[in-house]
Amino acid sequence: HQVLRIKTKNEEELKQLQLLESLEHLELDFWINPSAPALPVDVRIPAVRVQSVKAFLESQGIEYSILIEDLQDVLDKEKQDMVESAQRQRSSTTFDFGAYHTLDDINAELDHLASEYSFVEKIQIGESYEKRPLYVLKFSTGGSNRPAIWLDAGIHSREWVTQASALWIANKIASDYGTDESITSLLDKMDLFLLPVANPDGFVYTHTSNRMWRKTRSKIPGSICVGVDPNRNWDAGFGGPGASNRPCSDSYHGPRANSEVEVKSVVDFIKNHGNFKAFLTLHSYSQLLMYPYGYKCTRPDDYAELESLGRAAASSIRSLYGTTFQVGTICKTIYQASGGSIDWSYDNGIKYSFAFELRDTGRYGFLLPANQILPAAQETWLGLKTIMEHVRDKSS
Amino acid sequence: RAMELPSSHLSAARAAAAAVGYLRYLRGGPGRGLQLRELRRARRQDIDDVGHKYYLELELEDVLDKDRTVNCTAEVLYHLGSKTSAPDVQVTVQGELRSTEDADQEFYNRIRSLEKELVAENIPDSHGNVPPELEPIHRLAWVASGYVIWQNSTENTKFHLAQVKHVKQVKRSDEDLQFDFVVLLHEMVSQEVLPWEVTLLWHPQRGARVAQSRAAGAGS
């Protein structure tokens, strides 16, 4: 297989490429999709089609260069590198929590945590659209279906600080159980379920193709656009204001509530469990700590308690590095948005439903430098801990 | 009469983003990157037959001079019913901004003395890294995107520069430096990441101006 880099000179050439993209039988794999004449288009072409695609480009006068002459060579070398790196990593026991990792590395670390701690178990709650497992870490020191806390990250795949923070938090909880009074008393009473990569297909896509990808990667019937915004797909005011009905939109709500398997898997898991007391979700960026509602601009019944708890959590966050988080309902703090996860969890009886937007406030946005992962994770953990302690006290 | 808004108010934050875009365009450069630390105060006035006017008190910082606070006031007027005209923005900076004369001249000389025109992409990269020698280019991208943000802001948008996808220097026969940017702007309300092509001209004494800008085609 070859990978070509195509440089279009104008809209006409761009349209030709987009036409090519739509011909599914060619099995072309666009690493960078044709979106603008000024941007290069990278495409992987199966060996048997290379000649005919090149002939087409040449006949249209479209410039291209060969980015990768033989993809197999590159893959073989990369695989070798990774094997060597994995060997190095296995011989050193530390996962670098202060760096961004691939999905495979993250899954390996989940296995590592589960094997190292008896009270940590890796469970699979479903599969993504592209058939990747949805792995949840279950923290449980005993009991039978204890009251539980849910925490997820990475539902929007480009928000890389969230998956990274979730890993650090997992390790923090696991390693501090038995020594930290708060974590110990928490896990002695309650279970914790942590989904570090809620949207694995999107996450892989941010590594391989488009760092700014937000949605799932599901094919949408009748559209050339791909993916649904998984945080507009929950059954809470579904299809209302603040979500788009256009498939090409980054806030497309999808054909119906729970159409995305990534969302449905979580919904089913939580419903079947039946004893969740808190639902916490991590996003970035903006430094906000929010509670319901997003789909409507009225206050939830538990407004006073959630506002007070939110402020306490924001205060804990600020105590570490001075990072300020604004507190409020989704609608008043960020925008009206329907079909969101914490609105669903709240309307389904899980009172302590909070959504965090982590660092920063726009300087780097989604591209938060890796040297901020640890500070972000540490301060976020303090906020989560404040909420969890309150939930623990109210649930016993 | 202007109505006081809590500074956490959504529309105040959006107006502040437009004002910061404008200020970056006006006062930013390779040696100066202004960013918003805090919106201290906001008032809104609804003017019949004209539009909505926001009065803002902003606390900013220069990323190259973080220990200091830059205070400014801004007025942002969104014209009634207008989808195509930019908000009118006025900004007054209190006190003096740190001089960037030396840094600007050094940058100018460095770029002018390059054998091949500068070309770069993905600033910052996926991991948030910006190579030190590209930091001034990144700040010029703030200037360029500041213009686009100001020009395209409405009461229902909040833009940030997400990434510089591509930058290409274009050699000129006059004294200006020219950079053709493709910038990705993240719009917070719709959550879209939108590519924009912007041509920026810059000169150490004359400052920056956008020669042209346009949205870069349909997204994928």
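Biologist: In which strand of chain A does Glu357(A) lie?

Modeller: Good place to begin, and keep in mind that we are looking at a predicted model. Glu357(A) belongs to strand β12 of chain A, which covers residues 352-358. The unreviewed UniProt entry lists this residue under "active site", and such annotations may be inferred rather than shown by experiment.

Biologist: How should I read its accessibility: is Glu357(A) buried or exposed?

Modeller: The general idea is a cut-off: a residue is called buried under 20% relative accessible area. Glu357(A) has a relative accessibility of 9%, so it counts as buried.

Biologist: Which residues does Glu357(A) touch?

Modeller: Leaving aside residues up to four places away in sequence, Glu357(A) touches His283(A), Ser284(A), Tyr285(A), Ser286(A), Gln287(A) and Leu288(A), along with Met290(A), Phe325(A) and Ile334(A).

Biologist: And which stretch does UniProt mark as a domain?

Modeller: The unreviewed entry places "domain: Peptidase M14" at residues 99-391 of chain A. That span is 38% helix and 17% strand, and its end C-alpha atoms are 31 Å apart.

Biologist: Now the interior. Which members of the largest nonpolar core touch the most other members?

Modeller: The general idea is that nonpolar side chains tend to be buried together in soluble globular proteins. Here the largest nonpolar core has 93 residues, and those touching the most other members are Phe139(A), Trp150(A), Ile270(A), Leu289(A), Phe354(A), Phe356(A) and Ile387(A). Helix α5 of chain A, residues 160-176, gives the most to this core, with 10 residues. There is also a second, separate core of 60 residues, including Tyr25(B), Val148(B), Trp150(B) and Phe181(B).

Biologist: Could we zoom in on one member? What does Trp150(A) touch?

Modeller: Not counting residues up to four places away in sequence, its contacts include Ile125(A), Val136(A), Phe193(A), Leu195(A), Phe269(A) and Ile270(A). Phe276(A) and Leu280(A) are also among them.

Biologist: Let's turn to the two chains. How many residues of each are in contact?

Modeller: An interface can be read by its contacts and by its buried area. In this model, 35 residues of chain A are in contact with 33 residues of chain B. Together the chains bury about 2800 Å², with 54% of it on carbon and sulfur atoms. Tyr335(A), Arg363(A) and Leu367(A) supply 21% of the area that chain A buries against chain B, more than any other three residues.

Biologist: How many salt bridges and polar contacts are there between the chains?

Modeller: The rule finds zero salt bridges across this interface, whereas eight residue pairs are in polar contact between chain A and chain B. On the chain A side, helix α10 (residues 330-333) gives the most, with three residues.

How values were computed:
Residues are numbered from 1 along each chain as its sequence is written. Chains are lettered from A and ligands numbered from 1 in the order in which they are written. This is a predicted model: local features need pLDDT of at least 70, side-chain atom pairs count only at pLDDT 80 or more; totals for chains, interfaces and linings use all residues. Side-chain values use heavy atoms; hydrogens and water are left out. A nonpolar core is a set of buried Ala, Val, Leu, Ile, Met, Phe, Trp, Tyr and Cys residues joined through side-chain atoms within 4.5 Å. Buried means under 20% relative accessible area, exposed over 50%, partly exposed in between (1.4 Å probe, protein chains only). Helices (H or I, at least four residues) and strands (E, at least two) are DSSP runs, numbered from the N terminus. Contact means heavy atoms within 4.5 Å. Buried area is the accessible area (1.4 Å probe) that two parts lose on being put together, summed over both. A salt bridge is a side-chain nitrogen of Lys or Arg within 4 Å of a carboxyl oxygen of Asp or Glu. A polar contact is a pair of N or O atoms within 3.5 Å; within protein, one must be able to donate a hydrogen and the other to accept it, and residues adjacent in sequence count only if both atoms are side-chain atoms.
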